[in-house]
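Thanks for coming. I have one structure to go through, and I will take it region by region. Please have the sequence and the model open.

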Amino acid sequence: MSLYEKIKADIQQGRFAAGQPLKQVELANFYRVSRIPVRDVLQKLKNEGWLIRHGKRGVAVPQFDPLEVEDLYLMRARLEPLLQSLALEKLSGEILGRARDILLSMEARSGLSAEQIGNLNWQFHACIYRAAARPTLFATIEQLHRQCERYIGYQSRSLHYQSTSQEEHFAILEALHQGHGEQAAALLAQHIEAAGQLLVNHLRQPQP
């Protein structure tokens with residue numbers, strides 16, 4: 001696992017609390033590396049929205065923001081069903097089989113980390129979306145998923161949403177297998193909106 005993956009996974013799993021500043025020297029000592037790779041990783045994570053500016057030159061883990069979550073799921077709920085619909089005519093049995101294998105691997109493996117859940121969740125959807133051969137739209141959606149990964153980890157860890165998510169994934173896959181594009185698009189939109197709204201409502205509640 002690269003330093004980038006380690007720090008990202010530790011943020012996702014809650015090792016660094018929301019609002020906590022991350023200092024290059026402390027991280028270099030913690031991960032037993034020099035400051036230069038730490039600096040480069042922190043800059044990359046900042047560019048991807050995983051970290052925010054803190055002070056003049058530092059960075060910190062951002063607080064969970066319900067408005068950001070709402071914006072992300074509203075964009076995803078419109079763009080992803082579109083891309084999935086564009087992929088429909090190009091979906092082969094092989095592609096749908098790979099997507100099913102990803103879901104089955106999630107079912108077979110217990111104790112998945114938040115990072116693993118987020119990665120497999122994206123692999124499932126990306127397997128279908130790539131068939132559309134629309135690289136610009138795909139890249140936009142991929143970036144939205146990257147921004148959502150921190151929240152997906154929190155959601156699976158704190159709201160116990162993974163079993164519901166899996167049921168919805170299988171329903172989407174079955175609709176695609178039957179060639180029911182409009183139904184599959186509606187199920188995908190509902191899948192994104194329900195998960196997003198659940199998290200927004202949770203984040204807007206007074207925290208103890």
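**Notes from a walk through the model**

Arginine 32 counts as exposed, because its relative accessibility is 79% and the cut-off for exposed is over 50%. This is a predicted model, so every value I quote is computed from it. Arginine 32 sits in the loop that runs between α2 (24-31) and α3. Its phi is near 60°, which is a positive value in a residue other than glycine.

There is another case of this kind to look at. Alanine 133 has a positive phi of about 55°, and it is not a glycine. You will find alanine 133 in the loop between α6 and α7. Is alanine 133 buried or exposed? Alanine 133 is exposed, because its relative accessible area is 51% and exposed means over 50%.

Now the inside of the model. The largest nonpolar core has 40 residues. Those with the most contacts inside this core are Leu83, Leu91, Phe124, Ile128, Tyr129 and Leu176. Six helices each supply at least two residues of the core: α4 (66-87), α5 (93-108), α6 (114-129), α7 (135-158), α8 (162-177) and α9 (181-204). Which helix supplies the largest share? That is α6, with 8 residues.

Take leucine 91 as an example from this core. Leaving out residues up to four places away in sequence, leucine 91 touches Leu96, Ile128, Ala131 and Leu176. Ile128 and Leu176 also appear among the residues with the most contacts inside the core.

There is also a second, separate core, with 17 residues. Ile11, Val41, Leu42 and Val61 are included in it.

Back to α6, for a histidine. Histidine 125 is found in helix α6. It counts as buried, because its relative accessibility is 1% and buried means under 20%. What does histidine 125 touch, not counting residues up to four places away in sequence? The list is His145, His169, Leu188 and His191.

Next, the N-terminal part and its annotation. According to UniProt, in an unreviewed entry, residues 1-64 are covered by the annotation "domain: HTH gntR-type". In the model, the span 1-64 is 48% helix and 12% strand. The C-alpha atoms at its two ends lie 26 Å apart.

Now the pockets. The largest pocket has a volume of about 330 Å³. It is lined by 14 residues, and the closest to its centre are Gln24, Leu42, Arg57, Gly58 and Val59. Leu42 is also one of the residues of the second core. Four elements give two or more residues to the lining: β1 (21-22), α3 (35-47), β2 (52-54) and β3 (58-60). The largest share, 4 residues, comes from α3. By class, the lining of the largest pocket divides into 4 nonpolar, 4 polar and 6 charged residues.

The second largest pocket holds about 250 Å³ of space. Of its 13 lining residues, Tyr4, Lys8, Asn119, Arg146 and Glu149 are the closest to the centre. Which elements each supply at least two residues of this lining? They are α1 (3-12), α6 and α7. The classes here are 2 nonpolar, 4 polar and 7 charged.

Then the closed spaces. The whole structure has 2 cavities of 30 Å³ or more. I will describe the second largest cavity, which contains about 30 Å³ of space. Its lining consists of Gly49, Trp50, Glu68, Gln147, Arg150 and Tyr151. The element that gives the most to this lining is α7, with 3 residues. By class, the lining has 2 nonpolar, 2 polar and 2 charged residues.

Last, a residue in helix α9, arginine 204. Where does arginine 204 fall between buried and exposed? Arginine 204 is partly exposed, because its relative accessible area is 46%, and partly exposed lies between the 20% and 50% cut-offs. Outside the residues up to four places away in sequence, arginine 204 touches Pro66 and Glu70. Arginine 204 and tyrosine 129 are 75 residues apart along the chain, and their C-alpha atoms are separated by 32 Å. Tyrosine 129 is one of the residues with the most contacts inside the largest core.

That is the end of my list.

Methods. Residues are numbered from 1 along each chain as its sequence is written. This is a predicted model: local features need pLDDT of at least 70, side-chain atom pairs count only at pLDDT 80 or more; totals for chains, interfaces and linings use all residues. Side-chain values use heavy atoms; hydrogens and water are left out. A nonpolar core is a set of buried Ala, Val, Leu, Ile, Met, Phe, Trp, Tyr and Cys residues joined through side-chain atoms within 4.5 Å. Buried means under 20% relative accessible area, exposed over 50%, partly exposed in between (1.4 Å probe, protein chains only). Contact means heavy atoms within 4.5 Å. UniProt positions are given in the numbering used here, feature names are shortened, and annotations may be inferred rather than shown by experiment. On a 1 Å grid over the protein atoms alone, a cavity is a set of points where a 1.4 Å probe fits but cannot get out, and a pocket is an open set with protein on both sides within 12 Å along at least five of seven lines; lining residues have an atom within 4 Å of a point. Grid points are joined across faces, edges and corners, and a volume is the space filled by probe spheres set on the points. Ala, Val, Leu, Ile, Met, Phe, Trp, Tyr, Cys and Pro count as nonpolar, Asp, Glu, Lys and Arg as charged, and the others, Gly among them, as polar.
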